[in-house]
Amino acid sequence: MADSPYLASRLHGFGTTIFAEMSALAVAKNAVNLGQGFPDTDGPVEVFDAAVTAIRAGQNQYPPGIGTPELRAAIAAHRLHWYGQSFDPDTEVLVTAGATEAIAATILALCEPGDEVITFEPYYDSYAASISMAGAQRRVVQLRTPDWSFDPDALRDAITPRTKLLLLNSPHNPTGKVFSRDELALVARLCVDHDLVAVTDEVYEHLVFEGEHLPLANFPGMADRTITISSAGKTFSCTGWKIGWVCARPDLVAAVRTAKQFLTYVNGAPFQPAVAVGLGLPDDTIRGIGAELGAKHRRLSHGLAAVGFTVLPSHGTYFVTVDIRAFGETDGLAFCRTLPDRCGVVAVPSVVFYDDKDAGSPLVRFACCKKPEVIDEAVDRLTQLVAR
Ligand SMILES: Cc1ncc(COP(=O)(O)O)c(C=O)c1O
């Protein structure tokens, strides 16, 4: 495959993603699926009702390329309300087919072959694929266990004359790290000093259990050099709707829009008004979504610790990472591939998010965005694994 003339040979994983593999395994083995990050319950009823209403009202044809006016207005109002940021909904907001398309379109729009993109590892797998598709190179800075800190000098050293973008994901998948104010201040300072554009992936912005989500664009000098990306899927438990967005200064949005229009052109007509409803929900409702997930996160973390895993800190997102070495195992990929047969549970090997395979190998990611009884069942089954 490495000699293949096709672009696909450069893409991370060279085939279907580990999430697809593990979800298929969960179905085939009737296992509890704590692999792929999708909830097993619907989000706020108002949001889902609004989608049904929109379909019934005939909002089923191509929406405007930049997104419906009401969703763009809702995105701008949401950024202002939660973070004090000001975006013009007509020129500084673009609706995309999930954050995934926003990331791909941004990198395709801004990177030339040979350019470099810095990101932190472990990294969400679409970053590597999007960077490859643009013909660019990734440079990674490692978030180190056990506390997911990074070496500031490693970040400084990763910047070269070819660096085009710095891609930051906070709250972070797969670790659940929420970057601190000091860490973000350092990232911002380096972007300003080296005249870099930052791309932020904030899809878990409302799913923080400890600390606070701080958008990088709010740091000194960053408003005009940050492309802020988020999406509705995680917050409103509608990962299948694929409604995301980009907020940035007009010329950057125009560049991303140019790439987007030849990827999907437009997307999700009836879901756009529904997400607009979601973004306008009262603060208590939105905070309640995070609090409910936080309870599930604690339930799973305690359960995994009781089973005997070393549970690494995680302060947000859908995920809990464990180190399997406490079980005398070191190969997370083999562990996850055999786990359904051994005890009927599916998880994701974190090594797929790493360039440094040694660092990622003993780590395994479990999703907590499931009903409490599903989490309990998974923990029960994992306990049997130990008993054997
Ligand atoms: C960090 C991160 N970014 C982006 C995405 C994709 O978001 P969307 O479903 O909106 O494309 C995910 C989904 O798991 C994610 O974890």
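Helices (H or I, at least four residues) and strands (E, at least two) are DSSP runs, numbered from the N terminus. Residues are numbered from 1 along each chain as its sequence is written. This is a predicted model, so local features need pLDDT of at least 70 and side-chain atom pairs count only at pLDDT 80 or more, while totals for chains, interfaces and linings use all residues; side-chain values use heavy atoms, with hydrogens and water left out.

**Exercise 1.** Find which peptide bonds are cis in the loop between β5 and α7.

*Solution.* Start with Pro 171, which sits in the loop between β5 (163-169) and α7 (181-193). The bond joining Ser 170 to Pro 171 is cis, with omega about -10°. Now move along to Pro 174, also placed in the loop between β5 and α7. Here the bond from Asn 173 to Pro 174 is cis, and omega is near 10°.

**Exercise 2.** Work out whether Trp 148 and Thr 317 are buried or exposed, and check the sign of phi for each.

*Solution.* Take Trp 148 to begin with: look in the loop between β4 (137-142) and α6 (152-158). Trp 148 isn't a glycine, yet its phi is positive, about 65°. Its relative accessibility is 2%, so Trp 148 counts as buried (buried means under 20% relative accessible area, exposed over 50%, partly exposed in between, with a 1.4 Å probe and protein chains only). Next comes Thr 317, in the loop between β9 (310-311) and β10 (319-323). Thr 317 isn't a glycine either, and has a positive phi of about 75°. With 0% relative accessibility, Thr 317 counts as buried.

**Exercise 3.** List what Val 351 touches beyond four places away in sequence.

*Solution.* Locate Val 351 in the loop between β12 (348-349) and α12 (357-360). Val 351 is buried, at 11% relative accessible area. Then collect its contacts (heavy atoms within 4.5 Å): leaving out residues up to four places away, Val 351 touches Leu 333, Lys 357, Gly 360, Ser 361 and Leu 363. Finally, pick out Leu 363: it is 12 residues from Val 351 in sequence, and the C-alpha to C-alpha distance is 6.9 Å.

**Exercise 4.** Compare the span of α3 with the expected one, then say what its buried residues pack against.

*Solution.* Helix α3 (residues 69-83) has 15 residues. The expected span is 1.5 Å times one less than the number of residues. From first C-alpha to last, α3 reaches 21 Å, close to the 21 Å expected. Its buried residues include Leu 71, Ile 75, His 78 and Trp 82. The buried residues of α3 pack against β2 (93-97), β7 (226-231), β8 (243-247), α9 (271-279) and α10 (283-307). After α3 comes Gly 84, with a positive phi near 70°.
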